[in-house]
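Here are my notes on the model you sent over. I've kept to two topics, the ligand site and one helix pair, so have the structure open while you read.

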Amino acid sequence: MQINETLVRSVVQEVLKRLGSDGAVPPGPSAGKFQGRFGQFTCPDEAVAAAREAFERLSRRTVEDRTRIIGHIRRIAIEQCVELGTMEMQETKIGRLEHKIEKLKTLGERAPGVEFMRSEVFSGDHGLAVIEHGPFGVIGAITPVTHSLPTATGNAVSMIAAGNTVVFNPHPSGKRVAAEGIRRYNEAIYRDLGIDNLMCIIVEPTLETAERIFKHRDINLLCVTGGPGVAKAAMQQAKRAIVAGPGNPPVVVDETADLDRAARAIIKGGAYDNNLLCIGEKQVFVVNQVFDAMMAAMERAGAVRLGAAEVEALTKVAIATVGEGEHKHEVPAREFLGKDAAVLAQGIGKKIPREVELLFGETDESNPFVPVEQMMPFVPFVRARDVDHAIEMAVRSEHGFRHTAIIHSKNVENMTKMGKAVDTTLFVKNGPSMAGLGLGGEGYCSFSIAGPTGEGITTPLTFTRERRCSMIDNLRILGK
Ligand code: NAD
């Protein structure tokens, strides 16, 4: 057969043109206005328009395509966790590098995806009613500095699994790594499936861009992950918000606990990423009967105990007061938030080995480290008369956030009593806090835990609206 060289050359040229000189796929004739942006926007209106366009395209794709899309996000989060985790550490300057890397990988591996989607059916004399879970559309999402790209990654997986697209307004101190991750995810998806901007991100985020996203008429749902300010702002909006708000997780240790196991768990959870996790152990209430033994167990497990004068000195430098009048309150000092235990120790003139993960010391209930979500690796230990007193103080310190609480005990009645009293979304018994998110415990993992609005540990179903499809008097294949 004679080969038409001119035809071959023109086909090759066309293919090369479509691939671009660097292999990038340029927008085809049916491409939307924003294709090739890979989700990067300065203007919220443009970001929302691009995400809307992407939503329309995603709506015409199969569930298998969604799995493929999510597969790219997972692959990049897992394969590039070292590079991206290092970028996150360098940009935010808080937490610990190994955990920045691990968090991104974990979300890549374990964020709930398409497999969580399901339908329910009512089958009876009058036929069938099928309840399906459809997407909301475009979601406006706010992410915290404590886990900037990991939160965006987990949110993206679950939101896209449900058929949504998303516009992120990241924390300004974690904006670059979030934008870079989103760019990589979009680019890989675009190359494989030809859809861009399933995730859009505001590259210069401010409170004003957040407000514009909150109020945008084309944003169908909000999902915010952060502290009290943003939680309150989201709940005041005129549209539905899924609010993953602040925590201040208390730990109770009763006289029946395995103290060495409890100490190891408290160090593992409370020191993880320098105590930046919203679920991380923040204050411990130990019954008097085993208080001294528990302090000894903490030292055996490798934590460094501060004496009374050292605790006082640390409180002075590491807790700051902000606001005026009725708004006056205590917060973690910026210089110590998310820093290593050695840096905290240095702040009070104490030298400890760099490998020390956690500092701890005895305080009373009124020490600010107890009510403040300190997000640093010093955990106050408070002496309780008995388990009822410990639970009572634990509940007070949690502030009704209903986020996370932990107990170390072998007494099922004490566990039950605390579970009822503290009424939190996560209640962990005899393990580190993260075991409650499936890391060393059962269940799935998400970094957006919606306490205030009640959705709990978010999954794709969190980001759906119910739709009922009814077949009247037919298709029930059972009986008469
Ligand atoms: P933060 O509240 O300072 O910021 C969170 C995000 O909200 C950022 O993107 C910030 O720019 C934005 N923001 C703040 N105030 C806002 C407002 N008024 N309007 C719009 N946007 C606003 O919190 P952070 O330091 O980034 O993160 C730590 C906090 O987040 C802790 O309180 C922690 O408990 C909480 N958190 C909760 C969860 C959860 O799943 N519940 C997960 C991670 C972190």
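**Notes on the ligand site and a helix pair**

1. Let's start with the backbone at the ligand. In this predicted model, a backbone N or O atom of G245 sits 2.7 Å from a nitrogen atom of the ligand.

2. Two more backbone contacts involve ligand oxygen. H171 places a backbone N or O atom 3.2 Å from an oxygen atom of the ligand, and a polar backbone atom of F447 is likewise 3.2 Å from a ligand oxygen. As for cover, the ligand on its own has 840 Å² of accessible area, and the protein covers 85% of that.

3. Which residues come nearest to the ligand? Out of 28 around it, they are T143, V145, G245, E373 and I449. So G245 is worth a click: it's on that list as well as making the backbone contact in point 1.

4. The make-up of the shell is easy to summarise: 15 residues are nonpolar, twelve are polar and one is charged.

5. Where do helices come in? Helix 8 (207-215) and helix 9 (228-235) each bring at least two residues to the shell around the ligand. Helix 8 gives the most, with three residues.

6. Now for the helix pair. Helix 6, residues 148-161, and helix 7, residues 175-193, have axes that come within 8 Å and cross at roughly 35 degrees. The crossing is right-handed.

7. If you want to pick out the contact on screen, select S148, L149, A152 and T153 on helix 6, then V177, A178, G181, I182 and Y185 on helix 7. By class, the residues of this contact are six nonpolar and three polar, with no charged ones.

Key: Residues numbered from 1 in each chain as written. Predicted model: local features only at pLDDT ≥ 70, side-chain atom pairs only at ≥ 80, totals over all residues. Heavy atoms only, no water. Near = heavy atom within 4 Å. Polar contact = N/O pair within 3.5 Å; in protein donor to acceptor, adjacent residues only side chain to side chain. Areas by Shrake-Rupley, 256 points an atom, 1.4 Å probe, with all protein chains shown as cover. Helix = DSSP H or I, 4+ residues; strand = E, 2+ residues; numbered from the N terminus. Nonpolar A, V, L, I, M, F, W, Y, C, P; charged D, E, K, R; others polar. Axes fitted to C-alpha atoms, helices over the stretch in contact; angles between N-to-C directions. Left-handed = near helix turned anticlockwise from the far one by under 90°. Contact = heavy atoms within 4.5 Å.
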